[in-house]
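Here are a few short exercises to work through with the model open in your viewer. Try each task before you read its solution.

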Amino acid sequence: MIRHLVLFKLNEGVGRDEPRVVAGVKAFQELDGVVPELEFWECAWNITDRPIAYDFAINSAVADKDALKRYIEHPAHQAAAGQWREFATWVIADYEF
């Protein structure tokens, strides 16, 4: 299994309640059940307001590297990530467990 973690940081001046951000969150929430490779999926806003904290997180799991590649290339994932490119940056960690 591979854990796929993504932490998002909203760009300066971008608020969680902006319509484009709300739509981006919804797009990620809707990936659960749409992308068959996802064996585990959760995403949520960070509840910590420390200066080093990121704003939004995805925690997911797929079977193997091939499944991870298919997930990343899936049109629904590409569409959701494309929305976030407009208002956030992110870091990713993928590891076997």
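The exercises below use a predicted model and cover a pocket, a surface patch and an annotated range.

**Exercise 1.** Find the largest pocket and describe its lining.

*Solution.* Start with the volume: the largest pocket holds about 150 Å³ of space. Next, go for the residues. The lining has 13 of them, and H4, H77, A81, W90 and I92 sit closest to the pocket centre. Then map the lining onto elements: β1 (2-10), α2 (65-73), α3 (75-84) and β4 each give two or more residues. Finally, sort by class, which gives nine nonpolar, three polar and one charged.

**Exercise 2.** Which residues make the nonpolar surface patch of about 310 Å²?

*Solution.* Pick out M1, Y95 and F97, which make up this patch. Now place F97 on the chain: it falls in the segment after β4 (88-96).

**Exercise 3.** Characterise the range that UniProt lists as "domain: Stress-response A/B barrel".

*Solution.* The unreviewed UniProt entry gives residues 2-95 for this domain. Check the secondary structure over that range: 32% is helix and 32% is strand. Last, look at the two ends, where the C-alpha atoms are 5 Å apart.

Methods: Residues numbered from 1 in each chain as written. Predicted model: local features only at pLDDT ≥ 70, side-chain atom pairs only at ≥ 80, totals over all residues. Heavy atoms only, no water. Patch = residues over 30% accessible without salt bridge, like charges linked within 9 Å, V, L, I, M, F, W, Y side chains within 5 Å. Areas by Shrake-Rupley, 256 points an atom, 1.4 Å probe, with all protein chains shown as cover. Salt bridge = Lys/Arg side-chain N within 4 Å of Asp/Glu carboxyl O. Helix = DSSP H or I, 4+ residues; strand = E, 2+ residues; numbered from the N terminus. 1 Å grid on protein atoms, 1.4 Å probe; cavity = no way out; pocket = protein on both sides within 12 Å on 5 of 7 lines; lining within 4 Å. Points joined across faces, edges and corners; volume = space filled by probe spheres on them. Nonpolar A, V, L, I, M, F, W, Y, C, P; charged D, E, K, R; others polar. UniProt positions renumbered as here; feature names shortened; annotations may be inferred.
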